[in-house]
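Q: Could you walk me through this model? I'd like to go through the chains, then the places where they meet.

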Amino acid sequence: MSSRFLGNSIKFNNVYIVSTGTTCGPLEFQGPLGTYFDKGFNDHHCGEDSFEKAERKMLRDSLDICLKREKLKYKDIDIYLGGDLMNQNTTVHYLAREITKPFIGIYGACSSFALSMGLSSLLIEAGFVNQAIAMVSSHNATAERQYRYPVEYGVQKKPTTTFTATGAVSTLLTHQPTQVRVESLTLGRVIDYSQDDPNDMGRAMAPAAFDTITTHFQDLKRSFKDYDLVVTGDLSTYGHQILKEMLQRQKIDVVHYNDCGCMLYDTQKQEVFQGGSGCACSALVTMGYLYPQLKEKKLKRVLVVATGALLSPMMSAQKESIPCVAHAISLEVVE
Amino acid sequence: MDRKEYDRLAEELKPGGHRVKNGLNAFLYGGVIGAIAQGLLEFFMNAYHCSEKDAIPMMTITLVFVACLLTGLGLYDNIAKHAGAGTFIPITGFANSMTSSALDSKSEGLIMGIGSNMFKLGGTVITYGIVSASLLGVIRYVFTLFG
């Protein structure tokens with residue numbers, strides 16, 4: 001085995017990105033990054049009779065696009081890892097019925113993107129598998145329904161609210177060299193700063209992002225300057241301001257930093273409150289927008305810190321605060 | 001950074017709400033709904049030559065029907081995001097809570113979906129409506145014993 005954990009982080013030498021497939025909903029397609037995604041749907045039903053089935057269709061399409069690019073079939077992949085926001089990981093597990101290969105369902109709320117990529121990378125780096133697919137999805141209507149209110153319920157949302165992104169992303173990873181590699185992983189700790197407002201996820205998750213970023217820098221002896229871009233997953237406008245301030249108060253120089261939730265939408269024109277959230281948010285921005293720039297060498301190395309609020313509506317009703325987590329992966333151009 | 005310091009920092013950066021604007025909007029939208037309701041009431045009293053007592057249910061049912069229809073057409077939440085309490089407090093809010101819950105669960109069928117979920121949000125209004133009505137009834141009865 002070539003790598004070992006340094007603190008909470010590990011460096012990879014043999015994990016490469018082969019291909020990706022990105023699908024999204026109408027608002028994401030109309031957003032500033034819309035043209036970068038492989039397929040956009042005009043409505044939230046995606047031609048299906050329920051929102052849950054629509055989310056699964058988006059995920060299936062992203063997987064098909066990802067595999068078709070390399071002329072591969074479902075059976076050619078050694079293992080699949082995936083997660084979504086639904087109870088029982090509904091979307092990925094119900095799709096896994098069609099896959100007929102080993103499948104691991106993972107849950108990290110909105111951090112599932114980095115977690116699935118990181119765990120797939122660990123399996124490849126260790127030499128257990130040659131090819132793995134990491135996939136995630138989220139859908140605004142299914143998430144609203146499970147975590148908040150019915151879709152058509154007339155309620156005035158708080159200004160701190162974030163908007164769950166509709167989309168799905170599948171990524172094929174392998175041990176054979178390509179243009180871009182997964183360079184490192186920092187697994188996050190679950191952090192709870194006693195925040196209990198389910199309509200203010202940015203504020204709840206910022207401390208988890210802070211913990212993972214500082215741990216990553218400490219473990220690998222790096223700083224913001226070692227990256228062309230550092231993105232957090234879905235802290236949104238408010239949350240990313242808090243994080244910036246937290247880092248600056250620790251005398252950390254914050255440069256080249258942005259948040260996927262602010263990049264996916266035009267927060268001034270589109271009605272998304274503080275910005276995007278959900279598993280698909282960081283996944284769409286990273287694999288749809290940043291990955292092509294890495295391939296073209298416009299960016300050399302990026303750090304993606306996917307943040308997740310591990311909230312249970314039941315525990316929120318029992319007045320418990322929200323545990324949060326952030327997992328980080330770095331992607332690098334292969335020279 | 002400890003939790004107290006974090007809360008102070010987060011409060012400093014918190015995006016401002018539009019309390020005055022929301023309050024004014026709620027007043028206006030709520031007022032318009034009230035005026036429409038009064039108009040309907042007088043219309044029914046004149047058209048059917050009935051008493052106010054008989055016209056009130058007709059007016060209420062009309063408002064509920066319109067709120068349900070607008071919810072089904074996907075328009076109600078677009079109005080409510082501006083109106084806030086203006087559409088939430090009148091009976092239109094209750095109608096919307098039931099219709100939106102029913103719409104949301106229609107994919108699970110008539111029994112496990114619509115039937116069991118329709119009162120998911122509105123149920124609490126009914127429960128505590130009945131509880132408080134019973135309590136007030138008891139209090140009123142006690143007063144009449146001495147009054």
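Q: What share of the 147 residues of chain B counts as buried?
A: Of the 147 residues in chain B, 22% count as buried, and I should add at once that this is a predicted model, so every value here is computed from predicted coordinates.

Q: And what radius of gyration does chain B have, against that of a compact globule of 147 residues?
A: Chain B has 21 Å, whereas a compact globule with that number of residues would be near 15 Å. Taken along the principal axes, the box filled by the C-alpha atoms of chain B is roughly 70 × 50 × 40 Å.

Q: How many helices and strands in chain B?
A: There are 8 helices and 0 strands in chain B, and from the N terminus on the elements accordingly read α-α-α-α-α-α-α-α. Among the contacts in chain B with a separation of 6 or more, 55% are between residues 24 or more positions apart.

Q: Let's take one helix, then. Which residues of α4(B) are buried?
A: In α4(B) the buried residues are Tyr76(B), Asp77(B), Ala80(B) and Ala83(B).

Q: Why do they line one face of the helix?
A: Seen down the axis of α4(B), the buried residues fall within an arc of 125°, and therefore they line one face of that helix. As general background, an α-helix has 3.6 residues a turn, so residues three or four places apart point the same way.

Q: What covers the buried residues of α4(B)?
A: The cover includes α2 (19-47), α3 (52-72), α5 and α6 of chain B. As for what comes after the helix, α4(B) is followed by Gly84(B), which has a positive phi, near 55°.

Q: Jumping along the chain: is Leu136(B) buried or exposed?
A: Leu136(B) counts as exposed, because it has 10 C-beta neighbours inside 10 Å, and a residue with 12 or fewer falls in that class. Leu136(B) sits in helix α8 (residues 123-146) of chain B.

Q: How far apart are Leu136(B) and Ala26(B)?
A: Leu136(B) and Ala26(B) are 29 Å apart in space, C-alpha to C-alpha, with their positions 110 residues apart in sequence.

Q: Now the other chain. What share of chain A is buried, and how many helices and strands does chain A have?
A: In chain A, 56% of the 335 residues count as buried, and the chain has 10 helices and 15 strands.

Q: Why does its radius of gyration agree with a compact globule?
A: Chain A agrees because its radius of gyration is 18 Å, while a compact globule of 335 residues would have one near 20 Å. Along the principal axes, the C-alpha trace of chain A spans about 50 × 50 × 35 Å, and residues 24 or more positions apart account for 78% of the contacts in chain A with a separation of 6 or more.

Q: What domains does chain A have?
A: The domain assignment gives domain 1 (13-174) and domain 2 (180-333) of chain A, and the C-alpha centres of these two domains lie 18 Å apart. Their contact takes 47 residues from domain 1 and 53 residues from domain 2.

Q: On the domain 1 side, which element gives the largest share?
A: On the side of domain 1 of chain A that touches domain 2, the largest share comes from α4(A), with 7 residues. By class, that side of domain 1 divides into 25 nonpolar, 18 polar and 4 charged residues.

Q: What about the largest nonpolar core: which residues touch the most other members?
A: Of its 100 residues, Met205(A), Ala209(A), Leu284(A), Val304(A) and Val305(A) touch the most other members. Helix α9 (residues 279-295) of chain A gives the most to this core, 10 residues, and the core draws at least three residues from each of domain 1 and domain 2 of chain A. Apart from it lies another core, of 12 residues, including Tyr29(B), Ile33(B), Tyr76(B) and Ala83(B).

Q: What does Ala209(A) touch, not counting residues up to four places away in sequence?
A: With those left out, Ala209(A) touches Thr232(A), Leu235(A), Leu243(A), Val305(A), Thr307(A) and Ala326(A).

Q: Last topic: how many residues does each chain give to the contact between chains A and B?
A: The contact takes 29 residues from chain B and 22 residues from chain A. On the side of chain B that touches chain A, the elements that give two or more residues are α1 (3-13), α4 (76-83), α5 (85-88) and α6 (91-104) of chain B, and the largest share, 7 residues, comes from α6(B). That side of chain B has 12 nonpolar, 12 polar and 5 charged residues.

Terms used:
Residues numbered from 1 in each chain as written. Chains lettered and ligands numbered in written order. Predicted model: local features only at pLDDT ≥ 70, side-chain atom pairs only at ≥ 80, totals over all residues. Contact = placed C-beta atoms within 7 Å. Helix = DSSP H or I, 4+ residues; strand = E, 2+ residues; numbered from the N terminus. Nonpolar A, V, L, I, M, F, W, Y, C, P; charged D, E, K, R; others polar. Domains from an automatic or database assignment. Buried ≥ 20, exposed ≤ 12 C-beta atoms within 10 Å, placed from the backbone. Core = buried A, V, L, I, M, F, W, Y, C linked by C-beta atoms within 7 Å. Rg over C-alpha atoms; globule rule 2.2 N^0.38 Å. Arc of directions from axis to C-beta.
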